Amino acid sequence: MPTKRHLAALAAVLLASSIAIVAQQADAADILLSRNKPVTASSVESSAYAAQFAVDGDAASRWASVEGSDPQWIRVDLGSAVPISRIRLVWEAAYASAYRLEGSADASTWTTIKSASGENGGTDDHSGLTATTRYVRVYGTQRGTAYGYSLFEFEVYGPGGQSATDYQAEDASLAQAAVATNHTGFTGTGFVDYVNVAGGWIQWTITATSAGPATLTVRYANGTTANRPLDVTVNGAAAATGVAFAPTATWDTWATQTIQVTLVAGSNTVRATATASTGGPNVDRLTVGAAGSPGPTSSPSPTGGTGTQFTVAAAGDIAEQCTASTSSCQHPKTAALVTAMNPAFVITMGDNQYDDARLSDFQNYFDKSWGAFKAKMHPAPGNHETYDPAGSMAGYKSYFGSIAYPQGKSYYSYDYGNWHFLVLDSNTLTDSAQLTWLQNDLAGTTKGCVAAYWHHPLFSSGDHGNDPVSRQAWQLLYAAHADLVLNGHDHHYERFGPQSPTAAADPNGLVEVLGGMGGASPYDIVNVQPNSQKRLSGTFGVLKLSFTDTTFSWQLIGTDGTVKDTSPTYTCH
């Protein structure tokens, strides 16, 4: 802890650079000041890792600087000089082992607020800060790895005027909802489970010390694969409609969603009403804080509404009959990449298990690696799933159950954010029943972006080459202005530029990514196809896909942890 002499010297310096030092410690009810504020960085690795991703509140997005260079920095503009009491940094694997937290009145002359050295990544939470400043900068002086600097979150807090207060859901008034305790991770004495109908509600009576804007933070869980929206009213008037409560992987996984409202001084009635026929999410509590505050213990929410950003891990051709005890076994290594990504969900593009995909093989091999993500996996079948002596796809269906057959068939669809995902069975992709379903499903979606995935690619430069089995599906997707196709089958990585079903370059066409490098023995590149922009053979890895409400991009991460390829950022049609 700094001595009084050190503090006095620091105060003199701060005054000289127009940054005031406040005498008292920050209020315990700090508010988040930096969320979605203007942010600038010394460099970015690519547009997929822009500076604004460090202040967007999304735990899956991040800023990354160029690799191999010191120093690097990122700064946020708070809009005016305000008291600073806490700075929280959540590092990606590329962390700073030494850095300075700095403040400035003009983004030109900087003064050190705090120095850090000997850090080891993870989360650095610097509290008890006493500066008042407009600009806050993290200035990295020493990288902890050979790469660059990368932050999932750069959060700046200041003392709030109104203390944050928790209101447990189980203490509220309920309609078509009930208190439950059958899941873990809740606070208080329980949580509220909506009945699976539209119209159920939770209603809190809250007290505001003064009239004005406030933040409502709802802590919730949604173990399904679909959004469960709520309408929120304050004192009977609509405050927010269709607020998204996106999937949280399991019912034991909790996230938060924030809503900005205006309260009157004294008593206020807040009601959250389910609008979908499936009801609302499980709700743990409501936290009420000053405007801009996410509450004292909130965490970033994987929201499904405006501004959604999320990461998906994807690969095909995964588990050979080996385990981590064999050093040459690759699927445990690709599974470790998925763990490090911590994606919103996981996609597989077929041939999940080799050679004949028996149930015993799934249990002995796939389950020992990629099985860790089974609860948040959306798999597609491949041709090896049909080789099971017990019957075509018998082991696949037994292992995954309703995860692979959520709509009763081996093909299905689901939504996340503004994206509609279609999972096709390319073993039967010429059957009229599946094609009719695909056409109707595409006609019924209201989402702005569409991705589809299956095993056999229409276009491939590898051993198997182009497979016309999916041409009719491509034509339907192309006609519906879909955006992205993911495939496996050939055991290599390849990305294509936007094209039509006839392989004509077309900016309004589909982008195809072939990701058959999940663990099976690699294939050679044999015949390079038109519009093929990047090909890698002999590289094992996982696609790290980054989605927003209007764009998508990806990186191929190799089993050595390095980025093997970075795509352009595409805008949805």
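The following questions and answers concern a sheet and a helix in a predicted model.

Local features here need pLDDT of at least 70, side-chain atom pairs count only at pLDDT 80 or more, and totals for chains, interfaces and linings use all residues. Residues are numbered from 1 along each chain as its sequence is written, and side-chain values use heavy atoms, with hydrogens and water left out.

Visitor: Which strands are the edge strands of the open sheet?
Guide: Strands (E, at least two residues) and helices (H or I, at least four) are DSSP runs numbered from the N terminus, and two strands pair if DSSP finds at least two bridges between them. Seven strands with mixed pairing follow the order E24-E25-E26-E27-E29-E28-E30. Pairing on one side only marks the edge strands, E24 (412–416) and E30 (532–536).

Visitor: In E27, what is the bridge partner of Ala-451?
Guide: Strand E26 (residues 449–453) runs parallel to strand E27 (residues 484–487), and three bridges join the pair. Within E27, the partner of Ala-451 is Leu-484.

Visitor: What angle does the direction of helix H5 make with that of E25?
Guide: Angles run from 0 to 180 degrees between N-to-C directions, along lines fitted to C-alpha atoms, for helices over the stretch in contact (heavy atoms within 4.5 Å). Helix H5 (residues 432–444) packs on the sheet and touches E24, E25 (419–423) and E26, and its direction makes with that of E25 an angle of about 175°.

Visitor: Which residues of H5 are exposed?
Guide: Buried means under 20% relative accessible area, exposed over 50%, and partly exposed in between (1.4 Å probe, protein chains only). The buried residues of H5 include Trp-437 and Leu-438, and they pack against E24, E25, E26 and helix H6 (471–479). On the other side of H5, the exposed residues are Ser-432, Asn-440, Ala-443 and Gly-444.
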